[in-house]
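Please look at the contact between two domains of one chain. The briefing below sets out what that contact consists of.

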Amino acid sequence: MSIIEATDVSITFGLQKRPSLRHVTFFITKGETVLLLGPSGCGKSTLAHALQGLIPRSVEADVTGTLSVKGEHPATWTPREAIQHVGILFQDPETQFCMLTVEDEILFGLENLGLSREEMEERLERSLAYTGLVDRRHEALNKLSGGLKQKAAIACLLALDPDIFVLDEPTANLDPKSSDDILRLFADIARDPSKTVIFIEHQLDPVLPVIDRVIALSEKEGILAEGSPREIFTNDAVSLQQEGIWLPQVCMKALELEKAGKITWPTLPLSLKEWQAACEKQAIVLSPSTETETVPSVRTDAPIMEAESVCFSYKNQTVLEDVYFSIASGEFTVLVGANGAGKSTLAKVIAGIHSPTHGVLRRNGEDQQRMSRAELFQRTGYVFQQPEHQFVTDTVEEELSYGWKITDTPAAEWQQDVENKLDEFRLQEKRMENPFSLSQGQKRRLSVASMLSPQQDVLILDEPTFGQDEASTVALMKQVKQLHDEGQTIVMITHDMELVARYAEKVLLVEEGTITYEGPIAPFFNDRDRLEKAALKAPLSWELERWERAMNKKNASTLTCT
Amino acid sequence: MIEEYQQQPRFLQQVNPSLKLVAVLIMIAVMIPVFDLWTPLFLFVLTIASIIGLGGISPRFLLLLLLPFLLFAFSFLWMQVVFPDEQGATVLFEIGPLPVALENVIIGASLGLRALVFASWSLLFVLTTEPTKFMLSLIQQCKLPPRFGYGMMAAYRFLPAFRDELAQVRTAHMIRGFGKERKWKQWKRYFIPLMASAIRKAERTAVAMESKGFDGSRDRSYYRRLTWNKRDMQFLIFVTALLVITFLLPDLMIRK
């Protein structure tokens, strides 16, 4: 029997002409674990809200078609009824709470249900134990890291004990280790036959092993494809990709290598484990000799930035201690490390926002502290985590000409540059619009474009992909890559090891206020102990490439044999 | 720091927050018609002593918090001495060409001390009251609708984030202005991004609260029930005693 039945459901917000969710029909059985896929803007989050009745109960919208959950219409539920049927875990951990401590937040939900004290006590303790938060029961929520906040949010949901869990990209803004933890928790819940779990995720690989069925929404309308993960990624890979839906990395790479004729898979691997088993059957093995194939290129350019014993304290607290590094001109460097290790502070010291309390920072051989702030800021671009923070004018065009105008440059000199930027960053149509009215991706692009100026030789980006969807991450990184190709020195803070593997030339690992690794990418990702210690993980693509090298090696050896 | 003080298991921390709030209001009301020097001075000294003794607040920390208020109080004294409504007759000494009269000093000091009494009682409340407990007490004892009570808590949570965000925006604007700080007229530029993010956060939080079954009605249970107990009775006696002492003692001293 279906627990959720959706027949031709469309949802339209306020004055919008095009529905946000378009003519969707699907059924979900009790106990199933479903992965909901779709290109951005296909209405996945809208659907999540509608399943609980939040749409149209508290967010006004026009819902057509029939949506029934456990044989009832979610729209008719009161908030108190709704939470006993469906619980939602949201993307942003900051805005899910209204109380100060972990315990109070869990109790808030239980009090809403009107439970007795004994019942509350029991549920509270059970959910704390399940999520491993027993020791943090009385801790303030705003002192927790993003990962722990999401765990606390899960504890709240578990205590409320709904039959259906809807997870709306809960790991989107987390570091690799925390997102693994969160997904593992839900894998356990998914195994319970009485619980139905609906994942909306963009990181597909870690969740796939627990997924029973995939439902892919189409960009146009309706359902694009439906079936078990293996079915759907074997049969519909091409149409999914055409719609802008991301395949799991393992599947994507597997299909790519098969197409290139490097290997034939008996069945499409869905996880690294399956991949490994299939490879071993065909006598493809990883060996140390496949590791050293890529020789890291060493930059010989003169250093553009050098730090010598740099320290920085803030309010009597040492944030940075004895930092040494040297960045070559034109290099793409990433700053990685756990939250609170001092990455952002280091970036601000490099940019000249903070001055080091000890030590010397040299820029092109010159002591940075002897340079004026104005000069330093003209030579350094700094892209902030939140694009909106750096908007200073009322239109996109003014935003791009702001730097020119305040330096009193005649308009003739910069008009062409503004036009070029509008084209390059695909903002030409939006030129007269207010920066705040742009979409998320457009805001991000504008914030990078507005930080570029011709005298500039270093561009610093502080987690530029935070809170961005896959498509705008790709668009942004393309732009950054292009700047780098043109010779710009890039320093980027990131948690995303995929980006590190794909774009960076050099890693600076920040741990407890100092740099513990400075060097190329390959040895960094190959040193598992160091990664483990820093709570980092080599990205999946890195692992897969090692296997690809192993395949190449084997193919080469079979060629020479025959 | 403040959170730790608010959670200490001391006497003042255990008094019902609503009662404490009423006491603060009473103190302010009672002090309004008082113009002598001794009453506010006694009350101020006794209040500080109770914050330290009954609330367990470190004297150094308290002094640090009182410092701006002390300056504020001194400004009252200064205003009375330099720009008196009526020049007093008993000239004590002269600062340059300015005669300083005893009468003016007394009025100024009385006004200043009154401000300090208000400040010290506000601090007594803030330093010994957990926000969550205060909110629960307002809902449970003062019949504040939960809709507002929990809404206030959610807003309170945003304050530190708001401060961090303002710092971020200022830095961002400084870089874009190549090191120039903004003029005060352009301050509205700081507030547009802050407002935009505040509205977005408020919307999301509201939806998240509702998704946890919150409907704003009084029909809910409470894990922590705040009731009247013997601490509250003792506090009532304490406040009455404080008032009696401060109002009778100066009289006795003057009669002597």
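What follows describes the interface of domain 2 and domain 3 of chain A.

This is a predicted model in which local features need pLDDT of at least 70 and side-chain atom pairs count only at pLDDT 80 or more, while totals for chains, interfaces and linings use all residues. Residues are numbered from 1 along each chain as its sequence is written, chains are lettered from A and ligands numbered from 1 in the order in which they are written, and side-chain values use heavy atoms, with hydrogens and water left out.

**Domains**
- Chain A has domain 1 (2-246), domain 2 (248-284 + 527-561) and domain 3 (303-526), with bounds from an automatic or database domain assignment.
- Between the C-alpha centres of domains 2 and 3 of chain A there are 34 Å.

**Extent of the interface**
- On the domain 2 side of chain A, 14 residues are in contact (heavy atoms within 4.5 Å) with 14 residues of domain 3.
- The two domains of chain A bury about 1300 Å² between them, 59% of it from carbon and sulfur atoms; buried area is the accessible area (1.4 Å probe) that two parts lose on being put together, summed over both.
- Of the area that domain 2 of chain A buries against domain 3, 43% comes from Arg530(A), Leu536(A) and Trp542(A), more than from any other three residues.

**Polar pairs**
- Zero salt bridges (a side-chain nitrogen of Lys or Arg within 4 Å of a carboxyl oxygen of Asp or Glu) are found across this interface of chain A.
- Seven residue pairs, both at pLDDT 80 or more, are in polar contact across the interface of domains 2 and 3 of chain A; a polar contact is a pair of N or O atoms within 3.5 Å, where within protein one must be able to donate a hydrogen and the other to accept it, and residues adjacent in sequence count only if both atoms are side-chain atoms.
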